[in-house]
Amino acid sequence: MTTIPVALGTRAYDVVIEPGLLARAAAHIAPFAPRGFVAIVADEAVAVHLATLTASLDRAGLRWQAITIPAGEASKSWAQLSRVGDTLLQMGVERTDPVVALGGGVVGDLVGFAAAILKRGCRLVQIPTTLLAQVDSSVGGKTAINTPAGKNLIGAFHQPTLVLIDPDVLRTLSARELAAGYAEVVKYGLIDDADFFAWCEANGRALLAGDEALRTHAIAHSVAAKARIVAADEFETNGTRALLNLGHTFGHALEAEAGFDGRLLHGEAVAAGCGLAFAYSAEQGLCPPADAARVAAHWRAVGLPDSLAATPVAGAEPAQLVAHMRHDKKGSAGHIPFLLARGIGRTYLDRTVDLTAVERFLAEAR
Ligand SMILES: NC(=O)c1ccc[n+]([C@@H]2O[C@H](COP(=O)([O-])OP(=O)(O)OC[C@H]3O[C@@H](n4cnc5c(N)ncnc54)[C@H](O)[C@@H]3O)[C@@H](O)[C@H]2O)c1
Ligand SMILES: [Zn+2]
């Protein structure tokens, strides 16, 4: 069992990682359930894992009630927030009762936000079931829903009380979702950990093929990186947490262009986005071309898109992609903050990027 503390003073908590943990979840949750009651909100697609969790609670003599939400990004909505909030109130949830979010980033973000505002804030236990949620969204306290104006625009910072990660639940996840989550794993290496990127180059394919020990190692290493970054910049005010957006400025533009219709998963967009960030850095003479080539080669090796040309929106107008970036970052004039790289493991925030140069670069990347 690996326990990674997230050092946030009065909001500190542990992330516990262990294969098979779900079947023993009650022992970890019980100390945070003073009334012996646990509320659960689960993705409808993880019914088999919900059964494992509730069996553990039953064996420990904890009372529980569960609701499920429809799978998919559309559930990060006012409608589902209101449904979850009303249902938790009907259950009689008190502020000290744990509300468990069992699912991927969609359930984590939605239920995290519901927990943030239910009775002005109640206990939240994250039990992430996608690789993306295990290595990224379940740790750090960002919660949100989407509105017609854009993604994640209504939300709150609300740290969980506990995060339980069972790598075994990934066995039911599709290979495509697994690979998309892996893009966020590699991202930690690209940000500030060249040794970990080299580890990914050596082990990524075996990890995706199902090697459990490699998978668990990658999750623990990623969570430790995220915990370090969040502890240094909980509310994204000093630039440290912004490093996690590597590949996301390009990536969000690709996602917006694809229209969130399932053709391009978030992690796939992040992979292509990291490829583009490194290629742009190399083109600008900031980063050795060999490093950009290594990044692209690794994405290809694991079947992820390495650049714009490898995505379903390869034909997008560069001016349109840049317009998405401006909208995403609410950028003024010709500049928006960009994560660029001086090399693998040497990402930095650049506020001087010229969007006309980016547009020209994208025209060549097509
Ligand atoms: N809060 C943060 O810091 C943060 C960070 C990154 C991403 N996010 C958010 O996370 C969301 C994406 O998360 P995601 O990629 O986990 O998507 P998701 O929650 O939609 O899960 C992806 C798919 O996998 C299914 N699924 C989940 N677990 C499964 C399992 N074990 N077996 C089989 N199927 C399973 C889901 O039903 C869904 O269809 C986005 O809304 C994004 O904005 C938040
Ligand atoms: Zn991401």
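## Helix α9

Helix α9, spanning residues 248–258, is largely enclosed by the rest of the structure, because 8 of its 11 residues are buried. The model described here is predicted. The buried positions of α9 are His-248, Thr-249, Phe-250, Gly-251, Ala-253, Leu-254, Glu-255 and Ala-258. Just after the helix, Gly-259 adopts a positive phi of about 80°.

Two of these buried residues, His-248 and Phe-250, recur in the sections below. His-248 is a ligand of the zinc ion (ligand 2), and Phe-250 belongs to the largest nonpolar core.

## Zinc site

Three residues coordinate the zinc ion (ligand 2): Glu-184 through OE, His-248 through NE2 and His-266 through NE2, at 2.0 to 2.1 Å. Along the sequence, the spacing of these donor residues follows the pattern E-x63-H-x17-H. Glu-184 is located in helix α6 (residues 175–192) and His-248 in helix α9, so this pair ties together parts of the chain that are 64 residues apart in sequence.

Glu-184 has a relative accessible area of 0% and is therefore buried. His-248 also counts as buried, because its relative accessibility is 6%, under the 20% cut-off.

## Nonpolar cores

The largest nonpolar core comprises 80 residues, and those touching the most other members are Val-15, Tyr-182, Leu-190, Phe-250, Trp-299, Val-358 and Leu-362. The greatest contribution to this core comes from helix α10 (residues 266–283), which supplies 10 residues. A second, separate core has 23 residues, among them Leu-88, Val-107, Leu-110 and Ile-145. In soluble globular proteins, nonpolar side chains tend to be buried together.

The surroundings of Phe-250 can be listed in detail. With neighbours within four places in sequence left aside, Phe-250 is in contact with Gly-273, Leu-276, Ala-277, Tyr-280, Met-325, Phe-338, Val-358, Phe-361 and Leu-362. Of these partners, Val-358 and Leu-362 are themselves listed with Phe-250 among the core residues that touch the most other members.

## Asp-14 and strand β2

Asp-14 is part of strand β2, which covers residues 13–17. With a relative accessible area of 32%, Asp-14 is partly exposed, because this value falls between the 20% and 50% limits.

Residues distant in sequence approach Asp-14. Its C-alpha atom is separated by 7.7 Å from that of Thr-161, although the two residues are 147 residues apart along the chain. When residues up to four places away in sequence are not counted, Asp-14 touches Thr-3, Ile-4, Pro-5, Leu-162 and Val-163.

How values were computed:
Residues numbered from 1 in each chain as written. Chains lettered and ligands numbered in written order. Predicted model: local features only at pLDDT ≥ 70, side-chain atom pairs only at ≥ 80, totals over all residues. Heavy atoms only, no water. Helix = DSSP H or I, 4+ residues; strand = E, 2+ residues; numbered from the N terminus. Buried < 20%, exposed > 50% of the residue type's maximum accessible area, 1.4 Å probe, protein only. Contact = heavy atoms within 4.5 Å. Donors = N, O, S within 2.8 Å, 3.2 Å for Na, K, Ca; no water. Core = buried A, V, L, I, M, F, W, Y, C linked by side-chain atoms within 4.5 Å.
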